[in-house]
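Work through the exercises below with the structure open beside you, and try each task before reading its solution.

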Amino acid sequence: MKKLKVLVLFTILALLAISFKNFNLIEKKLYPYFVQQLVDIPKNEPNILRIVYTGVSTPLTPHIAQQSVVFDINDSIYVFDVGSRSVANFISQGTLDAANVKAVFITHTHSDHVGGLGELVLASWVRGRKNSLSVYGAGEELNNLVDGFNLAYQSDREHRVIHHGDGFLKSEFGLLVSKAFDVPEQEKVVFEDKNIKVSAFQVPHGPVKGAVGYRIVSGDRSVILSGDTALMEDYSFVNGVDVLIHEGIFTEESKKVSKASYALGNDRVGKVFEDIQDYHTNLFDTKNQPGLLSRLDSLDVGLLALIHIIPDKDNFIIKRALKKFKRLSPLKTVIVNDNMVMHLPLNSEKIIIR
Ligand SMILES: [Zn+2]
């Protein structure tokens, strides 16, 4: 037995000695492996509209990224909203090449939908985007947003161009370009290229000027993204879409959060939870307010994807409420999570969730 122990120990020492001697050799193999994990982005299958949820939360859910939904088809990428921390998910997700970002679409200028814009323009520029980055949104406010981010990142751009050279980082590609459109009275097309057509429609979101939702069409597949909105009167315009991505609030639970906050002496959280109830979409009907659930009955939609849930969707009470909503919903319903991916192959009705 003792002999065996000595033999094992000797073998381990011998292996360590060999490894140490050959560490340079091992290291040489390890570097490409590590770098490959960072830079090797596999080509996506053609003619599949992919939806990647890189941020699904609100400012009231600090542990996950704020709202951003990325559409990717034939290696062209279109980003709808860019909430804080969503760009980290975009990069680390490993299937999206930031160099391929073609345009950004903003539903409205609340911070949880735009806070990551500076990071996105920088990350995609450094990774090789070959155009200035167009930002679409409704109304004059978009110009302030774009000018503000360009100004905030001016020094960063200048330093990087001096450091790396204009041949490597073209100055103008580091800029955001505002493509503000008039707040639409009726749904209207605001962007079209060989991959997608995007239309905007106005949504009610309290005092926010130019809050819009978008319809994204690629071949025979289509998706509607509500943006932040109170419950709309008429949802018939969503009929026929494959995926309806809609925000939601549990009003009764938000009232209880507000009350509990006041009781605990935190009047600021109490007031925020009180104020936000009137410009988001109540999911369930309440005594005084109809909810999204009551609007779904007659709708023809492939999948309802709930996003931007208030209060925090990972809370035990809200998880139960979401389960109940899914059970009662006449539509197939999913609650989207950070980094969830949906595949919508063209010329098909399939929706594959990964
Ligand atoms: Zn908002």
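A residue counts as buried if 20 or more other C-beta atoms lie within 10 Å of its own, as exposed if there are 12 or fewer, and as partly exposed in between. Keep in mind throughout that this is a predicted model.

**Exercise 1.** Find where Tyr-235 is located, and decide whether Tyr-235 is buried, exposed or partly exposed.

*Solution.* Begin with the location: Tyr-235 lies in the loop that runs between strand 10 and strand 11. Next, take the count of other C-beta atoms within 10 Å, which is 18 for Tyr-235, so this residue is partly exposed. Then look for contacts beyond the neighbours within four places in sequence, and you will find Arg-295 and Leu-299. Finally, compare two kinds of separation: from Tyr-235 to Gly-248 there are 13 residues in sequence, and 15 Å in space from C-alpha to C-alpha.

**Exercise 2.** Describe the open sheet to which strands 10 and 11 belong, and state the order of its strands.

*Solution.* Strands of a sheet pair through backbone hydrogen bonds, in either a parallel or an antiparallel sense. Here seven strands are arranged in the order 7-8-9-10-11-12-13, with mixed pairing, and the sheet is open. Strand 7 (188-192) and strand 13 (333-335) are at the edges, and because each has a single partner strand, one side of each has no neighbour in the sheet. From one strand to the next, the twist averages 25°. For one pair within the sheet, strand 10 (residues 221-225) runs parallel to strand 11 (residues 243-249), and three bridges join them; Ile-224 has Leu-244 of strand 11 as its bridge partner.

**Exercise 3.** Work out how helix 8 is oriented relative to helix 9.

*Solution.* Start from the geometry: helix 8 (residues 251-263) packs against helix 9 (residues 267-275) at an angle of about 160°, and their axes are 7 Å apart. Because angles over 145 degrees count as roughly antiparallel, helix 8 is roughly antiparallel to helix 9. The crossing of these two helices is left-handed. Among the residues that meet are Val-257 and Tyr-262 from helix 8, and Val-269 and Phe-273 from helix 9. Sorted by class, the contact holds four nonpolar, four polar and two charged residues.

**Exercise 4.** Identify which strands pair with strand 1, and explain why strand 1 is described as largely enclosed.

*Solution.* Strand 1 pairs with strand 14 (residues 341-345) in the antiparallel sense over five bridges, with Val-52 opposite its bridge partner Val-341. Strand 1 also pairs with strand 2 (residues 68-73), again antiparallel and over five bridges, and there Ile-51 has Phe-71 as its bridge partner. Since seven of the eight residues of strand 1 (residues 48-55) are buried, the rest of the structure largely encloses this strand.

Methods: Residues are numbered from 1 along each chain as its sequence is written. This is a predicted model: local features need pLDDT of at least 70, side-chain atom pairs count only at pLDDT 80 or more; totals for chains, interfaces and linings use all residues. Two strands pair if DSSP finds at least two bridges between them. Helices (H or I, at least four residues) and strands (E, at least two) are DSSP runs, numbered from the N terminus. Axes are lines fitted to C-alpha atoms, for helices over the stretch in contact, and angles run from 0 to 180 degrees between N-to-C directions. Angles under 35 degrees count as roughly parallel, over 145 as roughly antiparallel, 65 to 115 as roughly perpendicular and the rest as oblique. A crossing is left-handed if the near helix is turned anticlockwise from the far one by less than a right angle, and right-handed if clockwise. Two residues are in contact if their C-beta atoms, placed from the backbone, lie within 7 Å. Ala, Val, Leu, Ile, Met, Phe, Trp, Tyr, Cys and Pro count as nonpolar, Asp, Glu, Lys and Arg as charged, and the others, Gly among them, as polar.
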